[in-house]
Amino acid sequence: MLLRVLIAAVLVLGTGVAVFLVVTEPARVPAASLGPHTPNLDNGRTLFFAGGCASCHASSKEERDRLGGGLALRSPFGTFHVPNISPDPADGIGRWSEAEFVTAMLDGTSPDGRHYYPAFPYTSYQRMTVGDLRDLFAYIKTLPAVSGRAPDHELAFPYSFRRGLGLWKLVNLDGKPFTPDPSRSAAWNRGAYLVNGPGHCAECHSPRDRFGGIVAAQRFAGGPNPEGEGWVPNITGKGLASWSAKDVEYLLETGDLPDGDSVGGTMTAVVRNTHELSPADRAAMAEYLKSLPPVDGPPRPERR
């Protein structure tokens, strides 16, 4: 009888492990699925700034085209160190194929088949078109190669167990590209794409659940700074009620607020990037943001 129980337990355990391995298998984009493509470097440059790549990956504020990484991102789960994504063949992404880059951006999977942590906001990048990702990759390859690797992430168990991210992705990564709304204007759809895709605005401007996923019902409604200091503002119709679209557009260009103050903290780096976008793209982002319905965010703690 005991032997039967042990055999049954082993079978159940083995089945559980097999199911876990199957459902947490990192996804990949097959190279054969990409097809021919002529890169548009101007579009790649636009996406580079829309995505704020330099904000996290640049070696310094003064050398924004040198993407050597190294920035430390603190979180409730530990500290993440931003990697080198320059074209350096040894320490950066110089040896990556297009398919590996697209896979990283859409599926959060590394070239060696590991899950990336969602400190890399692939939950937003999954909305981007494959053509745009290929243009972005081509543009990054034109930038200077930078040697040197970032330190390893500083994470305690169980967060250091990457395979478990496959379960997180089942909940937070739906794999759906951006779908235009035919009832809206071309400018609104362009803004929606930039804000939700490359701009990944919701990644900072939304509260998160205990597992680090965005609270969908409060998307864009602000909340605690993921790095632990300060509060990220509500940018739905609740937070921007007194703003005009022109106010939002002007902030994205200059960093100046309607009350005469200016943005600070990490938003300074965001504006440094949105300043490089075309006036039409900034206006499109403003049109979309002003269309968001008012949503109450989490209560902000009283200042002491």
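**Exercise 1. In this predicted model, work out which residues ring pairs link into a cluster with Tyr-116, and describe the pair formed by Phe-120 and Tyr-122.**

Solution. Begin with the cluster itself, in which ring pairs join Tyr-116 to Phe-120, Tyr-122 and Tyr-125. For the model as a whole, the count comes to 9 aromatic pairs. One of these is formed by Phe-120 and Tyr-122, whose rings lie 5.7 Å apart centre to centre, with 80 degrees between the planes. Planes over 60 degrees apart count as edge-to-face, and the pair of Phe-120 and Tyr-122 is therefore edge-to-face.

**Exercise 2. Decide whether Phe-120 is buried, partly exposed or exposed, and do likewise for Tyr-122.**

Solution. The step needs two limits, since buried means under 20% relative accessible area and exposed means over 50%. Phe-120 has 23% relative accessibility and so counts as partly exposed, whereas Tyr-122, at 0%, counts as buried.

**Exercise 3. Determine how helix α9 and helix α11 are placed relative to each other, and which residues meet between them.**

Solution. Take the axes of α9 (residues 245-254) and α11 (residues 279-291), which come within 8 Å and cross at roughly 130 degrees. The two helices are therefore oblique to each other, and their crossing is right-handed. Turning to the contact, Ala-245, Val-248, Glu-249, Leu-252 and Glu-253 of α9 meet a set of α11 residues including Pro-279, Arg-282, Met-285, Leu-289 and Lys-290. Sorted by class, the contact of α9 with α11 has 8 nonpolar and 4 charged residues, and no polar ones.

Note on methods:
Residues numbered from 1 in each chain as written. Predicted model: local features only at pLDDT ≥ 70, side-chain atom pairs only at ≥ 80, totals over all residues. Heavy atoms only, no water. Axes fitted to C-alpha atoms, helices over the stretch in contact; angles between N-to-C directions. Helix = DSSP H or I, 4+ residues; strand = E, 2+ residues; numbered from the N terminus. Parallel < 35°, antiparallel > 145°, perpendicular 65-115°, else oblique. Left-handed = near helix turned anticlockwise from the far one by under 90°. Contact = heavy atoms within 4.5 Å. Nonpolar A, V, L, I, M, F, W, Y, C, P; charged D, E, K, R; others polar. Phe/Tyr/Trp six-rings, centres within 6.5 Å; stacked < 30°, edge-to-face > 60°. Buried < 20%, exposed > 50% of the residue type's maximum accessible area, 1.4 Å probe, protein only.
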